[in-house]
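Let's take a friendly walk through the model shown here, from its overall build to its side-chain pairs.

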Amino acid sequence: MRRLLPSLACLLLTLTACGGSGDGGGGGSGGQDPIKVGLIVSLTGNYTPLGSEDKKAVELAVEQVNAQGGLLGRKVELVTRDDKTAPDQGIVAYNQIKGEIDALIGPVFSNSALAIEPLAERDKMPYLSLAPAQEQVEPIKKHIFVTPALSSMYAERFLQYIQAEGIKTIAVGWDSKSAYSVSGHEAMVELAPKYGVTIAVDEPYETTTSDFSPMFTHVRESQAEALVFWGSGAPGVTAAKQYVASGLKTPLFLTASQASKLWLEPMGAAAEGMTVQSAIGVVGEHLPDGKQKQVIEQMAKPYAEKHGYPPPQFAQDGYSASLLLFEAIRKANSTDKAKIQQALETMDLITPNGRFQYSATDHSGLSPEYISVNTVKDGKFVPTEWAKEQLAKTVSALG
């Protein structure tokens, strides 16, 4: 039977009963040597706010598992590198650590993730990406798995909400230099007819864009009933602030890259009423009791105690990746890379991001049902009434 509860849920209760005591044919080192997990995230550069939250969450997961004795009777050790929000530096970071790690988590920057991907595949390195770009898993690469919901899933979830709201015509702004944004835009264009939606304004920009007034002018002159903005990092704040200043009345819809205090704090009161997507874990307090909420609280409470604020979108991704990897190692009873890969391909696990069901033909594992569409109220992300109803149905099915 596949395991539905995460490895740490088991580990926090009776870890030694859940895992073995040796390497089980693992990486060739002694049974007491640490299990080394590579973590490559943006700690400098444009995506620093995202990568730093992933790092905090992965560190929390490692602290929790080590506090209970580790995995397979061994401690887990992080080997962390900075990709500097640059694909070439991601490659440098990977080459620095590939010989000493048993598996890899990261990066959060889709362009870096895509740059590392062929190297990890060549080296048969189990790789849990923190980036949502579609190209990572379409087509399937044997050793590459994605932890966030894919860009296409965020696109479809917004279209489901847009249809439910009776909106027929939208504008789309997207970053032509971001793989995440490009993938999301392409999915939205492809899926819009399915939901009876017309895209009246299709506006590309670049990550370095500092003036979004032309976009807002085009939206104002159109029949668009909502503006869906795809962007990560600085553009999400810059565009949202300029949107408020422009006086544009067309509602602004933002993707999950803005589901963080890193967007809320610089926006301040101006964020009130805006629509922002997020992973289900970001709004865990609004869910009915059950397995999904239990797993979210397993992360959220200690994270908030340690850092003074609830875990944002990116932290959810990092913690979920850790749970998936730890459970794969436990199931494999080994750090052998081939066995970890096989364990991931049969994974069925509830994480703060939702229920993952990886398979040989699906290395994303999630579905759009685990994405929330929220409104900013009193400086917090609160699910819309539509999202509350949808999420309640989803989590109730998990028990």
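Among contacts in the protein chain between residues at least 6 apart in sequence, what percentage join residues at least 24 apart? The share is 70%, where contact means heavy atoms within 4.5 Å.

Please keep in mind that this is a predicted model: local features need pLDDT of at least 70, side-chain atom pairs count only at pLDDT 80 or more, and totals for chains, interfaces and linings use all residues. Residues are numbered from 1 along each chain as its sequence is written, and side-chain values use heavy atoms, with hydrogens and water left out.

**Overall build**

The protein chain has 13 helices and 14 strands (DSSP runs numbered from the N terminus: H or I of at least four residues for helices, E of at least two for strands). Its radius of gyration is 20 Å, close to the 21 Å that the globule rule gives for 399 residues, so the chain is as compact as a globular protein of that length. That radius is taken over C-alpha atoms, and the rule is 2.2 Å times the number of residues to the power 0.38. Buried residues make up 58% of the 399 (buried is under 20% relative accessible area, exposed over 50%, partly exposed in between, with a 1.4 Å probe and protein chains only).

**Aromatic pairs**

The whole structure holds 13 aromatic pairs. Rings of Phe, Tyr and Trp (its six-membered ring) pair if their centres lie within 6.5 Å; planes under 30 degrees apart count as stacked, over 60 as edge-to-face and the rest as tilted. Phenylalanine 158 and phenylalanine 253 are stacked, at 5.4 Å centre to centre and 20° between the planes. This pair links helix 5 (residues 151-164) to strand 9 (residues 252-254), across 95 residues, and both partners are buried. Phe158, Tyr161, Phe253 and Trp386 form one aromatic cluster.

**Salt bridges**

A search of the whole structure finds 14 salt bridges, each a side-chain nitrogen of Lys or Arg within 4 Å of a carboxyl oxygen of Asp or Glu. Three of them, including their N to O distances, are listed here.

| Lysine | Acidic partner | N to O distance |
|---|---|---|
| Lysine 36 | Glutamate 77 | 3.9 Å |
| Lysine 261 | Glutamate 265 | 3.9 Å |
| Lysine 293 | Aspartate 289 | 3.6 Å |

Lysine 293 is buried at 12% relative accessibility, whereas aspartate 289 is exposed at 71%. Lysine 261 and glutamate 265 sit four residues apart in helix 9 (residues 261-267), separated by about one helical turn.
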